[in-house]
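Visitor: I have a model open on my screen. Could you walk me through it?

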Amino acid sequence: MYDESRPERPRRTAAVIPAAGRGVRLGPGAPKALRTLGGTPMLIHAVRAMARSRAVSLVVVVAPADGAGEVKNLLDEHALPDRTDILVVPGGETRQESVRAGLDALPEDVTDVLVHDAARPLVPVDTVDAVVEAVRAGAPAVVPALPLADTVKEVEPGRPGEPEPVVATPERSRLRAVQTPQGFDRATLVRAHDSVAVNGEGATDDAGMVEKTGVTVVVVPGHEEAFKVTRPLDLVLAEAVLARRRATDAY
Ligand SMILES: Nc1ccn([C@@H]2O[C@H](COP(=O)(O)OP(=O)(O)OP(=O)(O)O)[C@@H](O)[C@H]2O)c(=O)n1
Ligand SMILES: C[C@](O)(CO)[C@H](O)COP(=O)(O)O
């Protein structure tokens, strides 16, 4: 099923965590990744979520452009596994630019890359491992995803405040809501970032950029607790999930 021509070499997996967003949809306050969840910055939860996977030996944190020093201090102040190396680099204006900055910082021996939103602090390690394993098994691009609960309509965007005409109703059973970490063969992801930047096109996720290069992306099961903290209500849910974990296991 996969490209047999991929050269056999020892696999080393790194995680790039874009954490340079402002969190406008969450409302006024510190950059989203630095806001706390159960008293701990969301970014620290996200770094720990990656480091919990024994396959991940390096985490590259992409910090707000003017906040790399603060992020380094935060990482020093919180316990993280010794076996995981951590690098911090400044991010860009868009998520795509921030991921690019993370990719540019990877050492030469990294073969596989996970890209994980700092805004998904509670992704379980089993989901991370499922993505890693699919990449190591030969898939060049892997996304965790869940079926949708709502019916989705495609609309013709109108002026703000005006009703928007519905253009189509895609068959829901064929749709998936895509999460992170998204996993890639490094060369595949770098090629996608190179070509989308050249074409001047934006993308809301890395797998979408890889799709544009003609590479097939595959889906593995996502997890409800890997949801993205985007709006204030998501923060309420995240606090509840974390409190339940802390009450039921040694989290
Ligand atoms: N210039 C940017 C924009 C986003 N991100 C990161 O990309 C992830 C997903 O983005 P999103 O949830 O949209 O975060 P924000 O851009 O911060 O949110 P908003 O759009 O509400 O401002 C987040 O971890 C965010 O920090 C980034 O590293 N650099
Ligand atoms: C990458 C992502 O989390 C996949 O669902 C999503 O596309 C990020 O979008 P955002 O607008 O940057 O939050």
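Guide: Start with burial. Of the 251 residues of the protein chain, 38% count as buried. This is a predicted model, where local features need pLDDT of at least 70 and side-chain atom pairs count only at pLDDT 80 or more, while totals for chains, interfaces and linings use all residues. Residues are numbered from 1 along each chain as its sequence is written, and chains are lettered from A and ligands numbered from 1 in the order in which they are written.

Visitor: What makes a residue buried, exposed or partly exposed?
Guide: Count the other C-beta atoms within 10 Å of its own, each placed from the backbone. With 20 or more the residue is buried, with 12 or fewer it is exposed, and in between it is partly exposed.

Visitor: Why is Ile-44 called buried or exposed?
Guide: Ile-44 has 23 other C-beta atoms within 10 Å, so it is buried. Its place is in helix α1.

Visitor: What counts as a helix or a strand?
Guide: Both are DSSP runs, numbered from the N terminus: helices are H or I with at least four residues, strands are E with at least two. The protein chain has seven helices and twelve strands.

Visitor: How do you know how compact the protein chain is?
Guide: Its radius of gyration is 18 Å, close to the 18 Å that the globule rule gives for 251 residues, so the chain is as compact as a globular protein of that length. The radius is taken over C-alpha atoms, and the rule is 2.2 Å times the number of residues to the power 0.38. Along its principal axes, the C-alpha trace spans about 55 × 45 × 40 Å.

Visitor: What makes you say that α1 is covered?
Guide: Helix α1 takes in residues 42–51, and nine of its ten residues are buried. Among them are Leu-43, His-45 and Met-50.

Visitor: Which residues does Met-50 touch?
Guide: Touching means that two C-beta atoms, placed from the backbone, lie within 7 Å. Leaving out residues up to four places away in sequence, Met-50 touches Ala-15, Ile-17, Val-56, Val-59, Leu-114, His-116 and Val-128. Under the same kind of count, Ile-44 is in contact with Leu-74 and His-78.

Visitor: What makes a set of residues a nonpolar core?
Guide: The members are buried Ala, Val, Leu, Ile, Met, Phe, Trp, Tyr and Cys residues, joined through C-beta atoms within 7 Å. The largest core here has 58 residues, and Leu-43 and Met-50 are among those that touch the most other members. The largest share of this core, eight residues, comes from α1. In soluble globular proteins, nonpolar side chains tend to be buried together.

Visitor: How do you know that the span of α7 agrees with its length?
Guide: The expected span is 1.5 Å times one less than the number of residues. For the 17 residues of α7 (residues 232–248) that gives 24 Å; the end C-alpha atoms are 25 Å apart, which agrees. α7 is hardly covered, with one buried residue among its 17.

Visitor: Why is Leu-235 called partly exposed?
Guide: Leu-235 is found in α7. It has 18 C-beta neighbours inside 10 Å, so it counts as partly exposed.

Visitor: Is Glu-77 called buried or exposed, and why?
Guide: Only 9 other C-beta atoms lie within 10 Å of Glu-77, so it is exposed. Its place is in helix α2 (residues 68–77).

Visitor: Why is Gly-21 called buried?
Guide: Gly-21 has 20 other C-beta atoms within 10 Å, so it is buried. It lies in the loop between β1 (13–18) and β2 (36–37).

Visitor: What makes a residue part of the shell around a ligand?
Guide: Its C-beta atom, placed from the backbone, lies within 6 Å of the ligand. Ligand 1 is surrounded by 22 residues, and Gly-21 is among the closest. The shell of ligand 2 includes Arg-95, Asp-117 and Thr-180.

Visitor: Which classes make up the shell around ligand 2?
Guide: One residue is nonpolar, four are polar and four are charged. Ala, Val, Leu, Ile, Met, Phe, Trp, Tyr, Cys and Pro count as nonpolar, Asp, Glu, Lys and Arg as charged, and the others, Gly among them, as polar.

Visitor: Where is the cis peptide bond?
Guide: It joins Thr-180 and Pro-181, with omega about 10°. Pro-181 lies in the loop between β10 (176–178) and β11 (182–185).
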